[in-house]
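Student: I am new to this structure and would like to look at a single part of it. Please take me through that part closely, one piece after another.

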2 protein chains.
Amino acid sequence: MIKVTIKDIARQFKVSTTTVSNALNGKPGVGKTARKKIVQMAKKMGYQPNYFARGLVSRQSYAIGLTIANISDPFSAELALGVYEKANELGYTMMLFNTNYNLGNETKCLEILKSKGVDGIILATVTQDDSNIDSLDEIQMPYVLVNRLILNPKKANRIDSVSVDDYGSFYQAAKHLCRMGHQNIAMIAGDMDVSTAIALTHGANEAFTEYGVTIPSDLFIECGFSRERAYQAAKAIFSKKNRPTAILIQGDNMALGVREAAYEIGIKIPDDLAIVGLDDINISSLAGIELTTIRQNQYKMGATGAQLLINKIKGEDHSGISNKIVMESDLIIRKTCGFHLKGYVK
Amino acid sequence: MIKVTIKDIARQFKVSTTTVSNALNGKPGVGKTARKKIVQMAKKMGYQPNYFARGLVSRQSYAIGLTIANISDPFSAELALGVYEKANELGYTMMLFNTNYNLGNETKCLEILKSKGVDGIILATVTQDDSNIDSLDEIQMPYVLVNRLILNPKKANRIDSVSVDDYGSFYQAAKHLCRMGHQNIAMIAGDMDVSTAIALTHGANEAFTEYGVTIPSDLFIECGFSRERAYQAAKAIFSKKNRPTAILIQGDNMALGVREAAYEIGIKIPDDLAIVGLDDINISSLAGIELTTIRQNQYKMGATGAQLLINKIKGEDHSGISNKIVMESDLIIRKTCGFHLKGYVK
DNA sequence: CTGAAAGCGCTAACAA
DNA sequence: TTGTTAGCGCTTTCAG
């Protein structure tokens, strides 16, 4: 690969590399005409500053890392897009890593990220007892959690995060189902070691107790966040004697799995079964899918996370206190919950 | 951020940095016990080689770039996943960039990629007269095209690529439609400046002429590859007097847009309108969507591209001739073309 | 306003 | 088997 260095362009004008460097970086102490000439020549020669040399002295990479579940999952993709665009806007590039919700993978990803000298990291798949966070603290690597929270107050205080009001989200969703008269309801949860799943479950339960509904233990299934696993969980539920009239599902992608399982054995949605998801991924609104769900703006979450992280990197956040941003969410009533057919019961 | 250098660990044992470097990199010329001790100490001290220092001397970043349309588009995401996993497997990290099918954006992305010192680039959104390719040639940056071809034989000979048999794909698809008896067929194309769109269109046209079908010029719409644009194109088509009985669409994501447009004005699929897409993205098989389409293994395309690129970077590809891999594709008959209702006409 | 010199952390020649 | 020296390309004192 071709390489033009500041030395090369210094030689052209018989000036020092310092002058060239200063000229090119807009620093003071260079004559106006000299600067102009140098800048022009640099462009003409196709000069590109050497990333490694610069990084070596400045100790900055202008790169951030992002660990998400999996880029082929629509929720992750939308979140990644938010991070990407905000980061780009602020002059940073993004390195993407998939953890597949696996702690060991996450560790590996962070190892690589550290070794690549990124300036900071956005973590979107952290679990409650995630040792990886501690290792970032140790080396004082800036990081921000997105769509996740650490509940342990000892740690939580120091941790920046962008999340959604999951508790309120599923409180709303569960309440909606109760008001429609459902009493035999199932819930398919992601991973109860994760803050979102915990909050969602608690939120739903609050509404359920308000309405005197209880979820039998065999109708509460924790299965991980994938479509495939939710499909299997639904199959298990459908094989029970006490088949529920409604299922609350902690993710639209998972809900699509439930939907497939239902269709496969001839259960009609919403006639025989109401389902409510979470996230409002972009396919949820498609004709024939029309999933009732909770809208969470993944894009904005990602973008906000990137903004927060970069502020932190640049040291513009001198507050000393941690920054916890919680976003609102909205119940989107579509067809899968059957509201358009029955409305609320009195 | 904390920094342990080889100097620090050299000091521990009063040896030179060279010895430490050699020990840590598994190079010969270090005593067995010395090596063991050094490696152990490095681990204990949490040593991480400085990426920038290493890159500066080795001139390798072990990072590759990927330019795709947009990560939130399922086709792109699956392709990116293939690149990501193969690259990771081979010890490379991936930097992701969205071009949104815009040449100017692509140029910007490549500028950044170059400035970050990546070892090579995978391009998935190149158009026929893409000047960006030339600029990569100029600086001798290794690259591979994925899902794209350069048709101009003058250039094409030198260019590595992984693509699908698009011509055959749409030949198959169009033939299928013709055999079902459709005669009034529309086609929604992506961007006729792009190799895939060109090949798809030609392939379809061959089948059409075989069956004596012609597409009236107002039923051939070139609209770009997004769902939204395809939605609008479909609206335009539906407003015509000569409404077609079938539409061939150059992408499943686009097909979903057409589907939405149809449902919105009460056109029933497949009863009133047959549609056939391309790509078989992972939502195409969902109950109620069941899109007839052509399967193209995006994941494999990405992975193969990454493999090819990294071979090239490592100089293992001494063939001197360019490597063009063309993958097969399969027609997946689901419900949107109505085959299950009518089958082939005699 | 300009330049010389030093050094970031690492690897590669070359000596010892 | 080990150490010394030099240098990758850049920025940053500090003199002129």
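Tutor: What follows is a close look at the protein surface near DNA strand C and DNA strand D, and then at a pocket that draws on some of the helices found there.

The model is predicted: local features need pLDDT of at least 70, side-chain atom pairs count only at pLDDT 80 or more, and totals for chains, interfaces and linings use all residues. Residues are numbered from 1 along each chain as its sequence is written, chains are lettered from A and ligands numbered from 1 in the order in which they are written, and side-chain values use heavy atoms, leaving out hydrogens and water.

Begin with DNA strand C. It is surrounded by 24 residues (near means a heavy atom within 4 Å), and the closest of these are Gly31(A), Arg59(A), Ser21(B), Lys27(B) and Tyr47(B). The list of closest residues therefore holds names from chain A and from chain B. On the DNA side, sugar and phosphate make up 70% of the strand C atoms that come within 4 Å of the protein.

Particular atom pairs show how some of these residues sit against strand C. In each pair below, two N or O atoms lie within 3.5 Å, the limit for a polar contact. Arg59(A), already listed among the closest residues, has a polar side-chain atom 2.4 Å from a sugar or linking oxygen of DNA strand C. Lys27(B), also on that list, brings a side-chain N or O atom to 2.5 Å from a phosphate oxygen of the strand. Arg54(B) likewise faces a phosphate oxygen of DNA strand C, here at 3.1 Å from a polar atom of its side chain.

In terms of secondary structure, helix H2 (17-24) and H4 of chain A, with H2 and H4 of chain B, are the elements that give two or more residues to the surface near DNA strand C. Helices here are DSSP runs of H or I with at least four residues, numbered from the N terminus. H4(B) has the largest share of this surface, with four residues. By class, the surface near DNA strand C has 10 nonpolar, 10 polar and four charged residues. Nonpolar stands for Ala, Val, Leu, Ile, Met, Phe, Trp, Tyr, Cys and Pro, charged for Asp, Glu, Lys and Arg, and polar for the others, Gly among them.

Turn now to DNA strand D. The residues around this strand number 25, and Ser21(A), Lys27(A), Tyr47(A), Thr18(B) and Arg59(B) are the closest. Of the strand D atoms within 4 Å of the protein, 71% belong to sugar or phosphate, and the rest belong to bases.

Both sugar-phosphate and base atoms thus have a place in that count of DNA strand D, and the atom pairs give examples of phosphate and base partners. Lys27(A) has a polar side-chain atom 2.5 Å from a phosphate oxygen of DNA strand D. For bases, look at the residue numbered 18 in each chain. A polar side-chain atom of Thr18(A) is 3.1 Å from a base oxygen of DNA strand D, and a polar side-chain atom of Thr18(B) is 2.6 Å from a base oxygen of DNA strand D.

H2 and H4 of chain A, and H2 and H4 of chain B, each supply at least two residues of the surface near DNA strand D. For this strand the largest share, four residues, comes from H4(A). The residues of the surface near DNA strand D divide into 11 nonpolar, 10 polar and four charged.

H4 of each chain also appears at the largest pocket. A pocket is an open set of points on a 1 Å grid over the protein atoms alone, where a 1.4 Å probe fits and protein lies on both sides within 12 Å along at least five of seven lines; lining residues have an atom within 4 Å of a point. The lining of the largest pocket has 42 residues, and Val4(B), Gln48(B), Pro49(B), Asn50(B) and Tyr51(B) lie nearest its centre. Helices H4 (51-58), H6 (103-115) and H7 (131-138) of chain A each supply at least two lining residues, as do helices H1 (6-13), H2 (17-24), H3 (32-45) and H4 (51-58) of chain B. H4(B) has the largest share of this lining, six residues. By class, the lining has 20 nonpolar, 13 polar and nine charged residues.

Notes:
A polar contact is a pair of N or O atoms within 3.5 Å; within protein, one must be able to donate a hydrogen and the other to accept it, and residues adjacent in sequence count only if both atoms are side-chain atoms.
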